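Reader: Please take me through one part of this structure closely, beginning with its aromatic side chains and moving outward from there to the strands and charged groups around them. I would rather have one connected account than a list.

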Amino acid sequence: MTRAATSVMRYARFFTLAGVRRVLDYGAGLLRNSIYLAEHGFQVYAADLPDQIKALSLHPGAARLAGLLSVRELPQTALGVDLVLSTYVFNIIATREKRGEYLENVVRNLKPGGFFLIEVNRNSEETPCTSVLRHYPDCDGRGKSYRSDDLDRLLGPLNFHRICHYYSSHALAAVYRHR
């Protein structure tokens, strides 16, 4: 199995100390982050596209999770989780409208005072759109890669404030708290 995202491993202890218990892994992919967090005592709900959820239901690690949800269910749920996790999902959402719906679902399923860990491809003025990003539509630095201030502008109107962030050679990971 592939290991969890660096940001998830890096912040897991912080989330434990902050009293986080219930997590929504929004865009769970192959469950690498979901299973890692479940193994560390978190109650994890994994959400993804319907076809992916169908495939994940057969994954041996799925039994460790609190539940598998189709992203189509999220507009009707109010899970009240302590943390929503998003690793590289925001980069692949094709339109501004769909990114807005994604963030609305984050807020809808997060309890007041909850955390949002978002990891995205970083935007660096020195780094042109390389082969790593070329397969994303509109890879021009305006929507598929981000800086911390870009995320602040997107999340501020939704009552999120950034607690911390870090950059790696290719990524930006930031933790926000919902007011």
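Author: In this predicted model, the structure holds 9 aromatic pairs. One of them is formed by Y11 and Y166, whose ring centres lie 6.1 Å from each other, and with 45 degrees between the planes this pair counts as tilted. The two tyrosines come from distant parts of the chain, since Y11 belongs to helix α1 (residues 6-17) and Y166 to strand β6 (residues 160-167), 155 residues apart. Is Y11 buried or exposed? With a relative accessible area of 8%, Y11 is buried, and Y166, at 12% relative accessibility, counts as buried as well; both values fall under the 20% that marks the limit for this class. The pair also belongs to a wider arrangement, for ring pairs link Y11, F14, F15, F115 and Y166 into a cluster. The ring of Y166 has a charged neighbour too: the charged end of R10 sits over this ring, at 3.8 Å from its centre.

Among the members of that cluster is F115, and its residue number falls within strand β5 (residues 110-121), which deserves a closer look. Of the 12 residues of β5, 9 are buried, so this strand is largely enclosed by the rest of the structure. On one side, β5 is joined to β4 by 6 bridges, and these two strands run parallel; within this pairing, V84 has F116 of β5 as its bridge partner. The connection between the two strands can be described as well, because β4, helix α4 (residues 96-109) and β5 make a β-α-β unit that is right-handed. With β7 (residues 171-178), by contrast, β5 pairs in the antiparallel sense, over 7 bridges, and here L117 stands opposite V175 of β7.

These pairings have their place in an open sheet of 7 strands, in which the pairing is mixed and the order is β3-β2-β1-β4-β5-β7-β6. Which strands form the edges of the sheet? The edge strands are β3 (67-70) and β6, each of which pairs on one side only, and from one strand to the next the twist averages 20 degrees. Edge strand β6 is also the strand that carries Y166, one of the two rings of the tilted pair with which this account began. Toward the other end of the order, strand β2 (residues 43-48) and β3 run parallel and are joined by 4 bridges, with G67 in β3 as the bridge partner of Y45.

The charged side chains add another set of contacts, and the count comes to 8 salt bridges. One of these is between D82 and K111, whose side chains meet at 2.7 Å, N to O. This salt bridge links distant parts of the chain, as D82 lies in strand β4 (residues 81-87) and K111 in strand β5 (residues 110-121), 29 residues apart. The two partners differ in how far they are covered: D82 is buried, its relative accessible area being 8%, whereas K111 is partly exposed, at 35%. Strands β4 and β5 are thus connected in two ways, by the bridges of their parallel pairing and by the side chains of D82 and K111.

A second group of charged residues involves helix α5 (residues 148-155), where D149 and R153 lie 4 residues apart, about one turn of the helix. These two residues form a salt bridge in which the closest N and O atoms are 3.6 Å apart. R153 also meets the side chain of D150 in a salt bridge, at 2.7 Å from N to O, and this pair likewise lies in helix α5, 3 residues apart, again about one turn. Salt bridges that share partners join R147, D149, D150 and R153 into one network. The members described here span all the classes of accessibility: R153, at 53%, counts as exposed, D149 is partly exposed at 31%, and D150 counts as buried at 15% relative accessibility.

Definitions and conventions. Residues are numbered from 1 along each chain as its sequence is written. This is a predicted model: local features need pLDDT of at least 70, side-chain atom pairs count only at pLDDT 80 or more; totals for chains, interfaces and linings use all residues. Side-chain values use heavy atoms; hydrogens and water are left out. A salt bridge is a side-chain nitrogen of Lys or Arg within 4 Å of a carboxyl oxygen of Asp or Glu. Buried means under 20% relative accessible area, exposed over 50%, partly exposed in between (1.4 Å probe, protein chains only). Rings of Phe, Tyr and Trp (its six-membered ring) pair if their centres lie within 6.5 Å; planes under 30 degrees apart count as stacked, over 60 as edge-to-face and the rest as tilted. A charge sits over a ring if NZ of Lys or CZ of Arg is within 6 Å of the ring centre and within 35 degrees of the ring normal. Two strands pair if DSSP finds at least two bridges between them. A crossover is right-handed if, with the strands pointing away from the viewer, the path from the first strand over the helix to the second runs clockwise. Axes are lines fitted to C-alpha atoms, for helices over the stretch in contact, and angles run from 0 to 180 degrees between N-to-C directions.
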